[in-house]
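Dear colleague,

Please find below the structure for your review. A short account of the findings follows it.

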Amino acid sequence: MHIFILLISIFLFSCADHNDNLESNLTTASNNTELLIVYPKGQLKQNGFSLDDALSFAKELLALEKNVEIILTSGTYYLEKPIILGPEFSGTKERPFTIRAQENANVILSGAKLVRLNWEGNNQLMKAQLPVDNVDQLYINGRKQINARFPNFNSSVQVFNGYAADAISPERVATWKNPKGGFVHALHEGRWGGMHYLIKGVTNQGELTLEGGFQNNRQSPMHEKYRYVENIFEELDAPNEWYFDQTLSVLYFYPPADLDLSIAKVEISQLDNLIELRGSSKAPVKHINIHGLTFTQTNQTFMKTKEPLLRSDWAIYRGGAIFLDGTDNIHIANNEFYNLGGNAIFVSNYNRNANVSGNEIFDIGASAISFVGNPSAVRSPSFEYHEFVDIAKMDMKQGPKNENYPSKSIATDNLIYDIGLVEKQVAGVQLSMSSDITVSHNSIYRVPRSGINVSEGTWGGHIIEYNDVFDTVLETGDHGAFNSWGRDRFWHPDRAEMVKLAKEHPGMYKVDVLSPIIIRNNRFQCDHGWDIDLDDGSSNYKIYNNVALSGGLKLREGFNRTVENNIILNNSFHPHVWFENSDDTFRYNIVLASHKPILNNHWGNEVDKNFFTTEQALLKAQKLGLDSHSKFGNPQFVAPEKGNYQVSNNSLALTVGFTNFPMDEFGVISEELKAKAERPDFPNLYLNNNDASNSTELELFDATFKSVTTLGEQSALGIPEIAGALVLDIVPSGKANLGGLKKGDVILRVIDSEFGGEDKIITTKDLLTSYRSRKWRGTLEMVIMRNQQEQHLVINLLD
């Protein structure tokens, strides 16, 4: 059978001179391969084709059951509209339809428009007529520029690259002539993601009229501190900032000193999606491969992120640079996605056997890879945290109502970093209303929220394995490097009602989580939360052979979670508000701190046979009636400074049931991506109370501490015993300094005003442990000794 290879440099401009007699443009290669050649605009040869002609002819060839490949040659292709591939473009298992880059070609699909401008003005403020309706994103010489904002963009500030409590104060609003069309970006009041608003006008009281806030499904006001405003003309006051006046059709720009605008390439984004594969469960788009392309310069979509995902904290926009809806056996591999305003790859509704692999995704506004089903497949769905279907009216049948959801698909060997640059309720990989998705060998880091998120239990069967996920929850809090919710049919926002349901309908969680969700052989690290966070209702999980580098592992109320053979460094196990009949198990784990229960009166099936590093931590667990067969000691990690936490053959940890597992299989596996991928920092370990590390210096929240270890220090500091963390140094304007901590202070206790209780600080290890177990809140409350008087301070960990 002949193989028709379409060598295409794609553009969306009509090439009328080449539209007639397409078949005559075919040439035959020496190996009998038919070639349909298409060149970019300005480089057309005699037998060139437009994209529309090429796709039309490819469709005819596919109907004739031919092998068809579209091979793109080097160049940047500005798409005026998305490439739409329907069922008529389907290949077969034996003859998949392929769109790929020519070997060694740099093929860029851009959602932007190239514009030519006549600039005028002084070197600080330039302007040019631009006859378009709107400018969403501006690129100059390929670099994204900054929409005029307050406070100004500062790459050294973690949250929003700059925030200010007075960003929309009446005093500042009064300095704006016409802020209509501007945007307010803020964190959720509880720092559970982000919220975005369009400015509609100004009231007589000088306050903004806003539309938005729907991007977070956990409804709340915006955060009082973490907020900024953009697209305001009067805030155009720094290099690289721009503003577009829609009324006058004028683009204003503040160029940096080294930029010559007269020869600069100027591009403006205009598309949300670049390639859309659209079918249905009855007529899916099948067997298409998309390989080796670069996708860039799409619009921001934060004001379209408004569809709630059941009762998780998420809302979503169904769109992305590549969008799949109604497909089977689509392979998206070895592509690059960067400078996107929204999502990279979105797999929506019915999809089977999607394969997303070997891609590099970075510098994007929202999520990297999302698998999200349709609520029509969910029985008795509820959509906001406080909603609930009455049990008498609930559909109690097991499983989905229809097949309109992703299943039997994989996301593997993807390098994902620096995402969520605009939206903050995002993930490297997001799973919702889906089943049997494998997420494996991905490297995910520098994200504002979770690396991998499972929004609810529907319908289980996922495998999360061999991922390297770190530097997560950087701008938000109370979340996990791996995060999940399980607010499924059994879950109720009123805890008393939920406890009653759990007793009256045991096993009800199984009607939604049909098969266990497996988390195994991963390495996780979280900055303001837990390395593994199974939040509200998360049920039917098997968690084993994971390394948790800093944040510990949390199980909130849920059922049938088995946690075995994990290594939890400088932290521990966080059981929160368990059900009486939870059937949970926590055993064979190595933990470097005592358990951290909150309002937990029930202990499931088994919490035992674990290995602690201090007798104090073991005794504390045994006082709760737990860990009667557990042991303590030095686990004898082989090479912790290199990230090898296997234990030696003589380790006591092996006697409680712990077994070694590989430490060199986390993250991406293709050689090209491995060479690019970063690795997490490996922490200094605090193994026991007498470790020499207790007397060494500890750097934490922009301060340096040491343990109080001598009688002379106790006397000089005026503290009641030889205990505490002494402040040796403070970084000016750092977190500790802003919280009121001073050199010479001694931290005596870390307290918990919300849930009660406190941690006594004997050594710097205790301070580190308390910090790691509480940093998810975003603040650390403490009692210090200063001038022989106790004082109460609160350190903001996000500043």
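**Backbone geometry and surface charge**

Trp459 has its place in strand β40, which covers residues 459-460. The model is a predicted one, and in it the peptide bond that leads from Thr458 into Trp459 is cis, with omega near -5°.

A cis peptide bond also joins Phe150 to Pro151, with omega near -5°. Pro151 belongs to the loop that runs between β15 (149-150) and α2 (170-173).

Two non-glycine residues with positive phi deserve a note. For Asp363, which is not a glycine, phi is positive at about 50°. Asp363 is part of strand β32, residues 360-364. Its relative accessible area is 28%, so Asp363 is classed as partly exposed, the class that lies between under 20% for buried and over 50% for exposed. Tyr466, likewise not a glycine, has a positive phi of about 60°. Tyr466 sits in the loop between β41 (463-465) and β42 (468-472).

As to the surface, which residues form a negative patch? The patch is made up of Asp390, Asp494, Glu497 and Glu504. Of these, Glu497 is located in helix α3, which spans residues 495-504. Glu497 has a relative accessible area of 36% and is therefore partly exposed. Patch residues must have over 30% relative accessible area and no salt bridge, and the 36% of Glu497 is the value to set against that cut-off.

With kind regards

Conventions:
Residues numbered from 1 in each chain as written. Predicted model: local features only at pLDDT ≥ 70, side-chain atom pairs only at ≥ 80, totals over all residues. Heavy atoms only, no water. Patch = residues over 30% accessible without salt bridge, like charges linked within 9 Å, V, L, I, M, F, W, Y side chains within 5 Å. Areas by Shrake-Rupley, 256 points an atom, 1.4 Å probe, with all protein chains shown as cover. Salt bridge = Lys/Arg side-chain N within 4 Å of Asp/Glu carboxyl O. Lys, Arg positive; Asp, Glu negative; His and termini not counted. Charge placed at Lys NZ, Arg CZ, Asp CG, Glu CD. Helix = DSSP H or I, 4+ residues; strand = E, 2+ residues; numbered from the N terminus. Buried < 20%, exposed > 50% of the residue type's maximum accessible area, 1.4 Å probe, protein only.
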